Amino acid sequence: MSTHEIKEKLIYSFIHNLPKAIYMHFFAFSLWLFHGKKKWYYFDHGIFTLHYFSFILLTALIIVLAVWINSAFEENIFLEALLAIFSIFCFLYSFLYFFRSHSRIYNEKKFISRIKGIFIFVINLFLLIFILLFYTIFTLYTLH
């Protein structure tokens with residue numbers, strides 16, 4: 001196979017076989033680690049994770065639709081700048097939404113909730129990088 005064919009198959013295989021649900025379990029597990037085990041079941045953290053990831057996917061859908069609508073128009077610097085600002089706003093709001101919902105769901109003081117949220121995000125960032133790296137190597141290994 002040529003390099004171009006390998007690249008195409010890698011991208012196709014990576015996108016169509018990505019086990020999205022695996023990462024959500026790690027996210028729920030990290031929530032479970034930081035909160036009282038007697039008051040909250042793992043299932044409760046899974047529900048919060050589904051809620052937050054649904055919000056992220058809905059936000060991503062809105063951004064993709066905005067990009068699609070923008071592509072229907074001629075190149076307009078003003079619209080592209082507006083779309084960039086909108087995308088940055090959505091990304092920041094998604095990030096801040098986690099802290100707000102985390103504080104409300106777990107009924108903790110805002111400072112404690114923010115500290116736990118930062119640790120949860122850092123741990124999950126490393127987990128996500130590790131999972132994506134492992135999955136990329138696995139996908140390369142199983143290409144046919």
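This section describes the confidence, helices, surface and side-chain contacts of a predicted protein model.

The mean pLDDT of the protein is 86, and residues at 70 or more make up 94% of it. Confidence varies between elements: the lowest mean, 76, belongs to helix α1 (residues 3-17), and the highest, 92, to helix α4 (residues 77-106). Where pLDDT is low, predicted coordinates should not be read in detail.

Helix α3 covers residues 42-71. The 30 residues of α3 reach 43 Å from the first C-alpha to the last, close to the 44 Å expected at 1.5 Å a residue. Its buried residues are His45, Phe48, Thr49, Tyr52, Phe53, Phe55, Thr59, Ile63 and Asn70. Phe53, in helix α3, has a relative accessible area of 17% and is therefore classed as buried, the limit being under 20%. Between the C-alpha atoms of Phe53 and Glu8 there is a separation of 28 Å, the two residues being 45 apart along the chain.

Helix α4 also has 30 residues, for which a span of 44 Å is expected at 1.5 Å a residue; the end C-alpha atoms are 43 Å apart, so the two values agree. At the N-terminal end, α4 is capped by Asn76, with a side-chain oxygen 3.0 Å from the backbone nitrogen of Phe78. Residues buried in α4 include Leu83, Cys90, Ser94 and Tyr97. Further along the helix, Phe98, Phe99, Ser101, His102, Ser103 and Tyr106 are also buried.

His102 lies in helix α4. With a relative accessible area of 0%, His102 is under the 20% limit and so counts as buried. The side chain of His102 is in polar contact with that of Ser113, at 2.7 Å. Ser113 is thus placed by its number in α5, because that helix is given as residues 110-141.

After α4 comes Asn107, a residue of the loop between α4 and α5. The phi of Asn107 is near 50°, a positive value in a residue that is not glycine. Most residues other than glycine have a negative phi. Asn107 has a relative accessibility of 59% and is therefore exposed, the threshold being over 50%.

A nonpolar patch of about 1000 Å² is present on the surface. It is made by Leu58, Leu61, Ile62, Leu65, Trp68, Ile69, Phe73, Phe86, Phe89 and Tyr93. Helices α3 and α4 each supply at least two of the patch residues, and α3 gives the most, with six. Among the patch residues, Phe89 is located in helix α4. The relative accessibility of Phe89 is 52%, and Phe89 is therefore exposed by the criterion of over 50%.

Side chains of opposite charge can pair when their charged atoms come close. In this model the count of salt bridges is one. The side chains of Lys116 and Glu108 form a salt bridge, with an N to O distance of 2.6 Å.

Definitions and conventions. Residues are numbered from 1 along each chain as its sequence is written. This is a predicted model: local features need pLDDT of at least 70, side-chain atom pairs count only at pLDDT 80 or more; totals for chains, interfaces and linings use all residues. Side-chain values use heavy atoms; hydrogens and water are left out. pLDDT is the predictor's confidence in each residue, from 0 to 100. Helices (H or I, at least four residues) and strands (E, at least two) are DSSP runs, numbered from the N terminus. Buried means under 20% relative accessible area, exposed over 50%, partly exposed in between (1.4 Å probe, protein chains only). The expected span of a helix is 1.5 Å times one less than its number of residues. A polar contact is a pair of N or O atoms within 3.5 Å; within protein, one must be able to donate a hydrogen and the other to accept it, and residues adjacent in sequence count only if both atoms are side-chain atoms. Patches are made of residues with over 30% relative accessible area and no salt bridge: like charges are joined within 9 Å, nonpolar side chains (Val, Leu, Ile, Met, Phe, Trp, Tyr) within 5 Å. Accessible areas come from the Shrake-Rupley method with a 1.4 Å probe; for residues, only the protein chains shown count as cover. A salt bridge is a side-chain nitrogen of Lys or Arg within 4 Å of a carboxyl oxygen of Asp or Glu.
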